[in-house]
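Biologist: Could you take me through one part of this model up close, the strands and what sits around them? Keep it casual, but give me the cut-offs.

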Amino acid sequence: MVSVVHSLPDSGIDEAVLTRLVEGLPEEGARRMVEAVAQARDLYGDGKVGTGETAFEHGLGAALILASLNLDLDSRLAGLLFAVPDFLEHAREKMSAQWGAPVADLVDGLYRLKNLRPLTQATSGVQAQPEILRKMLLALAADIRVVMVRLASRTQTLRWFTDHDTPERADMARESLQIYAPLANRLGLWQIKWEIEDLAFRFLEPATYKRIAKHLDEKRLEREAFIVTAVARLKDELARSGVTHAEVYGRPKHIYSIWNKMRKKDIEFAEVYDVRALRIVLDEVKDCYTALGIVHALWQPIHGEFDDYISHPKGNNYRSLHTAVLAEDGRALEVQIRTHEMHQHSEMGVAAHWRYKESGTSAKADSAYDDKIAWLRQLLSWRDEITDSADWVAQFKRAALDDTIYVMTPQGRVIDLPKGATPIDFAYRVHTDLGHRCRGAKVNGHLVPLNTPLQSGQQVDITVAKTGGPSRDWLSPGYLVSGRARQKVKAWFAAQQEAAMLAEGRSFVTKELQRDGAAQANHEDLANKLGFKHADDLFLAAARGEVGMRAIQIALRGTPETLEPTPEMLTRTAKSGGSGQILIVGMDKLMTQLGTCCKPVPPDAIAGFVTRGRGVSVHRIECANFRNMAARNPERVIDATWEQGGGKHESVYACDLHVEASDRQGLLRDISDALSKEKVNVTAVKTLSKAGIARMAFTVELGSSTQLQRILTVLGDVPGVAHAGRG
């Protein structure tokens, strides 16, 4: 690639830097990269980014980091050209024309992530937010390379901060530890992770960083010499034991990881056993235990510092042998022993090692998300094996994390929701009361319907009413995706129904007390006498018909002097409420009610059923509900008939009509006109059209079955109506 660098006009950039920048690229790709460097330098000029670093210096540094990761040309170009939209109008179109749509898409993706910085500050102190932010960053990137470019950009920013102490350096360092280092760890970008951690730690804890660095520097040459000798000695002993295929190498320790161990175990630097560390990678499990025996024979084991994660794997299936020994100089040496398969799993398996590394986070995280992270990490490891870069890019795009969306409150808090969630889902996720009183929503400052699907990165602001509750429409498809939110809406309506039942039961009990001359009776005492803990329990039971007049009278008087009517007691004629509409063979002034299930109309054949506390309910003889009740309690069935000439009275009865017709435009209007001409009052309408057939249900008020028959005839004459009948 040096020839390519020499063949181009002088870009003003050191040739060694350009050579590193184009390393691993084909000749044409290297040529395009160098041309982009020259154009970026001219376009950016002395322009700076938010930290104060020049845009060109930052872009070049990020591109060099991406080159060190052996990423493709498009990724390196995106890292270099990250700030073009700030310096060029219609940047997306121009970049797409010159550098290709993939580069323009990557730069556009970087801009979608720019609003993450203030989020971290807004959510400081919220333990779960950094984890959600990491997932949000992944979810916002349709192409995972966007995340990798973002990580390179953050690493370059931290490098620049080593020579420039700005007011925001500490904030960005803290954010880097919380968000970007764990993210790099998850994606298998170890060198990025370690550098971000060490640089961020250096800015946040400069005194501690310098102290640990000094300890390491004082013994660096000695430590390196010891590792070389120990590796040679181990390889020789393993060969003597017949273990010929063994990789033995020193395992570097980083300042932040050393400090982390000192903090967690509350120990001093001298007590950190793995400052000097070896790793042995072998072919078979039996070789691991052979190697363990050799290590313990060469050096003295430290009591309590041996862990067999092969026989007893960790919860995340991490397997390895860990031991710490005392070398000849009396100082500690940590040794990890594992097979190649175990090593592969620990480095890029099913999201295993990052749980252990990231401050002991819970192993109960979503397994599907873990699998996707594992898939991404495998792709990272495959990139050196895939000869066709287009294939590698295609596989990255397949790994997009799109099962969850991440949206923000106006205060910057990140809310995770299932894909397709609406503003109502968002409101209930923030707080149940916010969901109940939700009346409108703004997304990124614009009013939207409440059933609008949200997308990651949007900011949602909910408009609420002072009082009120949810709408039943929200239970219709398209309004709620979250099962939790749907359950809260149902619970609200259930509570409202219970409140209505309480009021109904209280009214019933109060009326019975007044009828018995005990209006001042204590409701709590009455409830206790009837076996209820609280008066509300009594009211609910009364509303459900479980407590009737007889039970209340016995509780008040202690004797069953006045009982709820039974068939044997019904010996006189009673009329419903004195209205003369229904004649029951039974007791005078007996309370009656028409069954809502079958809605009887004179002169239907009817019968009565003695309820608990609600008098007699009147049903059509063929009513299925009545037949079921009569089969269970035949002793409660009584004869009933309409008052003679009942069809001539002015009172009306509710009746259900069902119409089936060929669906057409104006059908409902024509049926409504027909009912209106017959002076029929319609109280409810429900329609359903499927496969060209319209099925309609009407609740109307009629005076007699004679009128009913006339209405059915009229409806049958409406064009397209195939059947009209009673419900």
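Modeller: Here is a walk through one sheet, a second strand pair and a few cysteines. This is a predicted model, so a word on terms: local features need pLDDT of at least 70, side-chain atom pairs count only at pLDDT 80 or more, and totals for chains, interfaces and linings use all residues. Residues are numbered from 1 along each chain as its sequence is written, and side-chain values use heavy atoms, with hydrogens and water left out.

Start with the open sheet of four strands, ordered β19-β20-β18-β21 with antiparallel pairing. Strands here are DSSP runs of E, at least two residues, and helices are runs of H or I, at least four residues, both numbered from the N terminus; two strands pair if DSSP finds at least two bridges between them. β19 (681-690) and β21 (721-726) each have a single partner strand, so they stand at the edges with one side lacking a neighbour in the sheet. On average, neighbouring strands of this sheet are turned by 15 degrees against each other, direction ignored (axes are lines fitted to C-alpha atoms, and angles run from 0 to 180 degrees between N-to-C directions). Strand β18 (residues 653-662) is joined to β21 by five bridges, and the two run antiparallel. Across from His-723 in β21 you'll find Glu-660.

On the surface, Val-682 and Val-685 join Leu-668 in a nonpolar patch with about 210 Å² of accessible area together. Areas come from the Shrake-Rupley method with a 1.4 Å probe, and for residues only the protein chains shown count as cover. Patch members have over 30% relative accessible area and no salt bridge, with nonpolar side chains joined within 5 Å and like charges within 9 Å; a salt bridge is a side-chain nitrogen of Lys or Arg within 4 Å of a carboxyl oxygen of Asp or Glu. Leu-668 itself lies in helix α29 (residues 667-677) and is partly exposed at 36% relative accessible area (buried is under 20%, exposed over 50%, partly exposed in between).

Now the other pair: β15 (residues 606-610) and β17 (residues 637-642) run antiparallel, joined by three bridges, with Ala-607 opposite Asp-639. In β17, Ile-638, Ala-640 and Trp-642 point to one face and are buried, whereas Val-637, Asp-639 and Thr-641 point to the other and are not. That's the regular strand habit of side chains alternating between the two faces of the sheet.

Lastly, the cysteines. The disulfide count is zero, taking a pair of sulfur atoms within 2.5 Å as the rule. For Cys-598, the nearest cysteine sulfur, that of Cys-623, is 3.8 Å away. Cys-598 is buried at 7% relative accessible area, and Cys-655 is buried at 1%.

Methods: Buried means under 20% relative accessible area, exposed over 50%, partly exposed in between (1.4 Å probe, protein chains only).
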